[in-house]
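Here are my notes after a pass through the model, roughly in the order I'd raise them over coffee. Have the structure open while you read.

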Amino acid sequence: MSNGVFVFVEQRDGEIQKVGLELLGKASDLAKDLGQEVTAIFFGHNIKDKTENLIQHGANRVILVEDEKLKEYLTEPYAKCLSEVIRKYEPEIVLFGATSIGRDLAPRLAARIHTGLTADCTSLEIEDETKNLMMTRPAFGGNLMATIVCENHRPQMATVRPGVMQACDKDENAKGEVIEEKIDLSDISDGIIIREVKKAESKKKDITEANILVSGGRGIGGPEGFDGLSELAKELDAEISSSRANVDAGWIEKDRQVGQTGKTVRPEVYFAMGISGAIQHIAGMEESDLIIAVNNNENAAIFDVADVGVVGDLNAIVPKLTERIRKEKQLKEDM
Ligand SMILES: Cc1cc2nc3c(=O)[nH]c(=O)nc-3n(C[C@H](O)[C@H](O)[C@H](O)COP(=O)(O)OP(=O)(O)OC[C@H]3O[C@@H](n4cnc5c(N)ncnc54)[C@H](O)[C@@H]3O)c2cc1C
């Protein structure tokens, strides 16, 4: 019989990735509805001291596999370890982050253990009657939401992008079990060897981590439109993000894109400057705590989700807003 909700928790350089904690939060809700428990699957090298954090974020137990070959992500050893763990424990559900690692690993596992996989889910719920997992994701270019059910195979598997689910509060007193599994990786070929890891240098924060985002749409008029937004962002200690239109036009890097084919963000404040509010954009930012939109078209769809809407030309509004914030900050400093 299948049992439990499992989360594959990624580590990079031994650090737990936030999406893993977010998925543990969702897994706790699903497990409650099923009357089952949450298990974190954690692979790496010298990472045992991190397992407590997983328990404090909702895991009832952690299945830990440590091996030098698991220090950095490589498809073959990870896929082997994961398929052995899944075959042994037979979970009901397995969740992955829709990251580059999750997107590589989850389909391989699905093929090896003959089950289905629903990618990029935005909602996961247990159906009352059948206890099946209902996996909802945008379909047909985001024009409708499809709910997919994996009725005949187990485990039911889904990937979820970072920022979509919410981690539960850390419980310092939580208790859980750590099971150390040994998996023989001697037969894994050395066909791929990681010689060196070079990280792209960036002073910019990832937009999914920012508390405030100043986001520009095609309404900013050109790549130079980001200069004004950057001034505002500087005053607010915010990050710059964008709609896809500007990314496609080459005005800004892809890693700044918010939306269905970009990143899902949940900042405290989201400024939508000259963004029309297409469904694919809204899908990536509607969970923001406060949405402030500036658009010269009073019928723009962005106003349907905005908490504060300003109808007007952003070229006039952005400099004024920046100046006002600068002055307010100065006044506070002088006090
Ligand atoms: C499969 C698929 C996936 C997609 N994924 C994404 C995604 O991840 N993210 C995303 O953003 N889009 C995505 N899109 C594209 C999406 O459909 C829209 O085309 C895009 O979001 C439009 O970007 P925009 O709002 O910046 O531009 P526009 O729709 O051109 O809107 C520009 C807005 O600026 C306003 N404006 C113009 N000048 C000014 C001014 N001076 N002052 C104030 N306002 C002004 C206009 O009134 C208008 O509302 C996707 C599309 C498809 C088909």
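**Notes on the model**

1. Cysteines first: a search of the whole structure turns up zero disulfides. Keep in mind that this is a predicted model, so everything below is computed from predicted coordinates.

2. Why is Cys 150 without a bond to another cysteine? The closest cysteine sulfur belongs to Cys 121, and at 11 Å from the sulfur of Cys 150 that is too far for a bond; a disulfide would need the two sulfur atoms within 2.5 Å. Cys 150 counts as buried, with 12% relative accessibility. Cys 81 is buried as well, at 0%.

3. On to Glu 22, which sits in helix H1, spanning residues 18-34. Glu 22 is buried but makes no salt bridge. Which side chain of opposite charge is nearest to Glu 22? That would be Lys 18, 4.2 Å away, while the cut-off for a salt bridge is 4 Å.

4. What Glu 22 does have is a polar partner in the backbone: a polar atom of its side chain lies 2.8 Å from the backbone nitrogen of Gly 163. Setting aside residues up to four places away in sequence, Glu 22 touches Arg 161, Pro 162, Gly 163, Val 164, Met 165, Gln 166 and Ala 167. I'd look at the Gly 163 contact and the Lys 18 distance together.

5. Ala 167, one of the residues touched by Glu 22, also gives a handy distance to Asn 3. The two are 164 residues apart in sequence, and their C-alpha atoms are 22 Å apart in space.

6. Asn 3 itself is in the segment before strand E1 (5-9). Is Asn 3 buried, exposed or partly exposed? Its relative accessible area is 39%, so partly exposed is the right label. Beyond its neighbours within four places in sequence, Asn 3 is in contact with Gln 36, Tyr 89, Glu 90, Pro 91 and Glu 92.

7. Last, the ligand. There are 26 residues around the ligand, and those that come nearest are Arg 218, Ser 243, Thr 261, Ser 276 and Asn 295.

8. Which atoms does the ligand meet at Arg 218? Here the partner is a backbone N or O atom, 2.7 Å from an oxygen atom of the ligand. At Ser 276 the partner is an N or O atom in the side chain, 2.7 Å from a ligand oxygen. Asp 313 also uses its side chain, with an N or O atom 2.9 Å from a nitrogen atom of the ligand.

Notes:
Residues are numbered from 1 along each chain as its sequence is written. This is a predicted model: local features need pLDDT of at least 70, side-chain atom pairs count only at pLDDT 80 or more; totals for chains, interfaces and linings use all residues. Side-chain values use heavy atoms; hydrogens and water are left out. Helices (H or I, at least four residues) and strands (E, at least two) are DSSP runs, numbered from the N terminus. Buried means under 20% relative accessible area, exposed over 50%, partly exposed in between (1.4 Å probe, protein chains only). Contact means heavy atoms within 4.5 Å. Lys and Arg count as positive and Asp and Glu as negative; His and the chain ends are not counted. A polar contact is a pair of N or O atoms within 3.5 Å; within protein, one must be able to donate a hydrogen and the other to accept it, and residues adjacent in sequence count only if both atoms are side-chain atoms. A residue is near a molecule or strand if one of its heavy atoms lies within 4 Å of it.
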